[in-house]
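Subject: Structure handover

Hello,

Here is the structure I said I would pass on. My notes on it follow below.

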Amino acid sequence: MPNPTKIVISASRRTDIPAFYMHWFMRQVERGYFEVVNPYNRQVSVVAATADRVHTFVFWSKNFATFLNGKFGEKLLERGYNLFFNFTINSNSALLEPHVPPLKKRLDQLRALCDCFGPRAVNWRFDPICFYRTNNRKQENNLVDFSHIAERASQCGIQRCITSFMDDYAKIRKRVASIPGFAFDYPDLAEQQPVVLQMEKELSALKMDLHLCCEKGLLQGLPAASSVKAGSCIPNDLLAQLYGGRLSNK
């Protein structure tokens, strides 16, 4: 009898479940299902959460301290689930990310994830790349710590870095309006390309691949010799390589 097709559960792009909601998450695993509310029409979908139906849980976070300290990963492995991690580590800027731990602590978490679950099960997301000004001064960006993070990620065995440029969302404009003298800049494709090529150069020296997420125009404009790839934060092909089995692509 063929192996059944299993689903991949993303936990989550809407909020940081590993940092804030792991106790809730584990209660749903105990129940065997999740109830997911559509934010637009409020309809509720029921998603199976038993190990015979779920191939992999993909966890997204900027802070895995609670996840690691509570040994939630080990508990899920014991229950028969596969795990994959998207760890967003951008910079040490408290202005851009005021509620995350210092960079050193996040890099220690990255090492712990790789040691516990293997570096191939971890994506490093440097996302998004952003340019900004304060009080109309010279343009700045959040790339100042990129080289340091890349070096540490390489030492952990990380092979994939996923990135994109910040988009102009209404919710971002609303938040920025409350910060006196602060404004984001949005470089065009011609300005973005040299940034990406420099990142590619640094990562290639560390034997790490650079993937672009939702940046089709930018990717198409890169030189033919570039090794930058189209990215997927939930890479079904890699999950199949890591854990075998049959995955649903829905």
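A residue is called buried when its relative accessible area is under 20%, exposed when that area is over 50%, and partly exposed in between. Please keep in mind that this is a predicted model.

By that scale D108, with a relative accessible area of 36%, is partly exposed. K104 has a relative accessible area of 57% and therefore counts as exposed. The two side chains form a salt bridge, with 3.3 Å from N to O. Both residues belong to helix α5, which covers residues 103-117, and because they are four residues apart there, about one helical turn separates them.

How many salt bridges does a search of the whole structure find? The count is nine. Another of them links the side chains of R125 and D127, at 2.8 Å from N to O. R125 and D127 are both buried.

A further salt bridge is formed by the side chains of D185 and R133, where the N to O distance is 2.7 Å. D185 is in strand β10 and R133 is in strand β7, so this pair ties together parts of the chain that lie 52 residues apart in sequence. R133 is partly exposed, its relative accessible area being 31%. Salt bridges with shared partners also join K104, D108 and R152 into one network.

The strands just named belong to a sheet. It is open, has three strands in the order β8-β7-β10, and its pairing is antiparallel. Which strands stand at the edges? They are β8 (140-141) and β10 (182-185); each has a single partner strand, so one side of each has no neighbour in the sheet. In general, the strands of a sheet pair through backbone hydrogen bonds, in either a parallel or an antiparallel way. Here, strand β7 (residues 131-134) runs antiparallel to β10 and is joined to it by four bridges. Within this pairing, F131 stands opposite D185 of β10. D185 is thus a residue to look at twice, given that its side chain also meets that of R133 in the salt bridge described above.

The last item is on the surface. F20, Y21 and W24 make a nonpolar patch there of about 350 Å². F20 is found in helix α1, which spans residues 17-20. Is F20 buried or exposed? Its relative accessible area is 61%, so F20 is exposed.

Regards

How values were computed. Residues numbered from 1 in each chain as written. Predicted model: local features only at pLDDT ≥ 70, side-chain atom pairs only at ≥ 80, totals over all residues. Heavy atoms only, no water. Pairing = 2+ DSSP bridges. Helix = DSSP H or I, 4+ residues; strand = E, 2+ residues; numbered from the N terminus. Salt bridge = Lys/Arg side-chain N within 4 Å of Asp/Glu carboxyl O. Buried < 20%, exposed > 50% of the residue type's maximum accessible area, 1.4 Å probe, protein only. Patch = residues over 30% accessible without salt bridge, like charges linked within 9 Å, V, L, I, M, F, W, Y side chains within 5 Å. Areas by Shrake-Rupley, 256 points an atom, 1.4 Å probe, with all protein chains shown as cover.
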